[in-house]
Amino acid sequence: MVAQPPVSTDSFWMPFTANRQYKAEPRMLVAAEGMWYQRHDGTRILDGTAGLWCTNAGHGRAAITRAVSEQIHTMDYAPPFQMGHPPAFELAQRLVGHTPEGLNQVFFTNSGSESADTALKIALAYQRARGQHQRTRLIGRDKGYHGVGFGGISVGGMGNNRRAFPVQLPGVDHLPHTLLPEAAFSRGMPEQGAHLADALEDILALHGPENVAAVMVEPMAGSGGVIIPPRGYLQRLREITLKHDILLIFDEVITGFGRVGEAFAANRLGVTPDMITAAKGLTNGAIPMGAVFVSDTIHEAFMQGPEEAIELFHGYTYSGHPVAAAAGLASLDIYEQEDLFQRALELEAYWEDALHSLRDLPNVKDIRNMGLVGAVELEADDKPGARGYRVYRHCFWESNALVRCSVDTIALSPPLIISQDEIDQLVAALKKSILAAA
Ligand code: PMP
């Protein structure tokens with residue numbers, strides 16, 4: 001019998017949650033340290049998801065606590081319009097030391113959704129700024145997730161996130177996703193599927209490439225079920241977009257800050273987009289913050305008018321918030337000092353072997369991995385998502401591990417500080433739950 005939660009669950013309308021189901025069986029986390037959460041009944045839960053792909057340096061990092069507390073003490077808030085403060089400038093400067101070459105400008109937001117909509121708006125405004133007013137069309141990808149703003153749900157490819165909201169951006173097309181049955185159980189990047197990038201040429205032929213502003217994809221799709229890019233696929237997208245002078249935006253809200261073994265997937269894959277969106281690991285999840293990394297070329301196009309003119313009519317009250325920026329700086333210190341991005345790369349082979357050891361369990365349909373991301377896709381039973389949820393729930397209550405389920409795919413993305421022993425524990429916990437509940 002699980003202890004009653006310490007608070008009433010009546011009034012908080014929880015996001016992306018089956019609220020009635022949750023309230024019948026509340027799952028509460030009350031503390032966190034390192035690789036571990038603590039459940040409200042005191043049980044320790046191994047964090048297999050870095051919260052929600054956020055806490056790449058693990059929980060409760062004292063340096064972040066200190067930096068946040070000192071910054072609130074020094075200056076809690078400052079307006080970001082026509083006014084600046086050192087932490088935001090310092091963070092921007094530090095961040096562009098990690099981005100691919102040529103992406104040296106940072107626009108701060110508060111979330112991944114805001115980063116996605118900001119990048120799309122910058123893309124449209126850039127096309128106008130350089131006189132290409134007709135370039136208004138946007139292209140996303142099936143199963144893509146770019147947050148929940150109107151731009152993000154329109155360019156994203158998740159039907160469930162669009163269905164109840166019939167007003168969306170016009171002029172959006174979607175590439176096919178790259179999850180191919182013949183690539184099941186690929187280790188790392190699948191060999192099959194690069195040709196799917198050529199669908200971009202078909203879309204462009206339909207509308208005229210001169211009418212397209214930007215293509216936005218996650219280099220590795222996370223929420224859509226952990227879809228690892230086929231070898232050569234993103235290179236091909238880059239070639240086609242360059243050929244037609246169309247912007248390429250990588251949504252790296254999940255893949256940023258070491259998740260796939262380098263600062264960004266763009267670095268790891270050797271493909272440089274025109275913009276990268278980020279959030280989550282930017283502050284190790286401690287304070288909400290997002291960012292868009294913008295190429296010098298795009299930025300320069302906005303810097304041509306009269307000096308007293310505002311170049312971009314866009315921004316947020318909390319853009320570059322000093323407390324968030326302090327958390328970002330402290331997170332970067334940890335990532336750099338502990339070489340955590342490199343650590344993710346070095347652990348990749350061990351992680352891959354551990355995950356693929358689950359291959360012969362009942363109802364396992366596919367296993368996918370890259371960096372410190374993993375996915376175990378289960379066969380759907382009569383009701384899609386039911387098996388995934390059973391395993392997720394069993395993991396939480398019986399195996400004491402936090403995993404994520406996206407329909408019938410169990411996704412794993414532990415903090416990058418995870419040890420080999422903890423990888424074994426996490427995989428053993430998932431195995432136990434697949435055997436018991438799948
Ligand atoms: N883009 C991607 C790729 C994401 O994974 C997410 C969040 N999971 C978002 C955007 C939206 O981020 P947020 O929830 O911070 O708005």
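1. In this predicted model, Asn363 sits in the loop that connects α13 (340-356) and β11 (364-370). Although Asn363 is not a glycine, its phi is positive, at about 70°. Most residues other than glycine have a negative phi. Asn363 is partly exposed, because 17 other C-beta atoms lie within 10 Å, whereas 20 or more would be needed for a residue to count as buried.

2. Trp53 also has a positive phi, of about 60°, without being a glycine. This residue belongs to helix α2 (residues 50-53). Trp53 has 24 other C-beta atoms within 10 Å and is therefore buried.

3. The model contains an open sheet of seven strands with mixed pairing, in the order β4-β10-β9-β8-β7-β5-β6. The edge positions are taken by β4 (105-109) and β6 (172-175); each has a single partner strand, so one side of each has no neighbour in the sheet. Direction ignored, neighbouring strands of this sheet are turned by 20° against each other on average.

4. At one edge, β4 pairs with β10 in the antiparallel sense over five bridges, and Val106 stands opposite Phe293 in β10. Five of the five residues of β4 are buried. Both faces of β4 are covered: Gln105, Phe107 and Thr109 are buried on one side, and Val106 and Phe108 on the other.

5. At the other edge, strand β5 (residues 137-141) and β6 are paired in the parallel sense, over four bridges. Within this region, Gly140 stands opposite His174 in β6.

6. Two helices that lie across strands of the sheet deserve comment. Helix α5 lies across β4, β5, β7 (212-217), β8 (247-251), β9 (275-278) and β10 (290-294), and runs at about 30° to β10. Helix α9 (residues 233-243) lies across β7 and β8, with an angle of about 150° to β8.

7. The geometry of α5 (residues 112-129) can be checked against expectation. Its 18 residues should span 26 Å at 1.5 Å a residue, and the end C-alpha atoms are 25 Å apart, which agrees. Of these 18 residues, 13 are buried, so α5 is largely enclosed by the rest of the structure. The helix is followed by Gly131, which has a positive phi near 85°.

8. How many residues does α5 give to the shell around the ligand? It gives three, the most of any contributor. Of the 14 residues around the ligand, those that come nearest are Ser111, Gly112, Ser113, Gly147 and Val253. By class, the shell around the ligand consists of five nonpolar, seven polar and two charged residues.

9. Helix α14 (residues 386-399) has 14 residues; from its first C-alpha to its last it reaches 18 Å, close to the 20 Å expected at 1.5 Å a residue. Its buried residues are Arg387, Gly388, Val391, Tyr392, His394, Cys395, Phe396 and Ser399. The buried residues of α14 pack against five strands and a helix, namely β3 (44-47), β12 (373-378), β13 (401-402), β14 (404-406), β15 (409-412) and α15 (420-437). Just after α14, Asn400 takes a positive phi of about 55°.

Notes:
Residues numbered from 1 in each chain as written. Predicted model: local features only at pLDDT ≥ 70, side-chain atom pairs only at ≥ 80, totals over all residues. Expected span 1.5 Å × (residues − 1). Buried ≥ 20, exposed ≤ 12 C-beta atoms within 10 Å, placed from the backbone. Near = placed C-beta within 6 Å. Nonpolar A, V, L, I, M, F, W, Y, C, P; charged D, E, K, R; others polar. Pairing = 2+ DSSP bridges. Axes fitted to C-alpha atoms, helices over the stretch in contact; angles between N-to-C directions. Contact = placed C-beta atoms within 7 Å.
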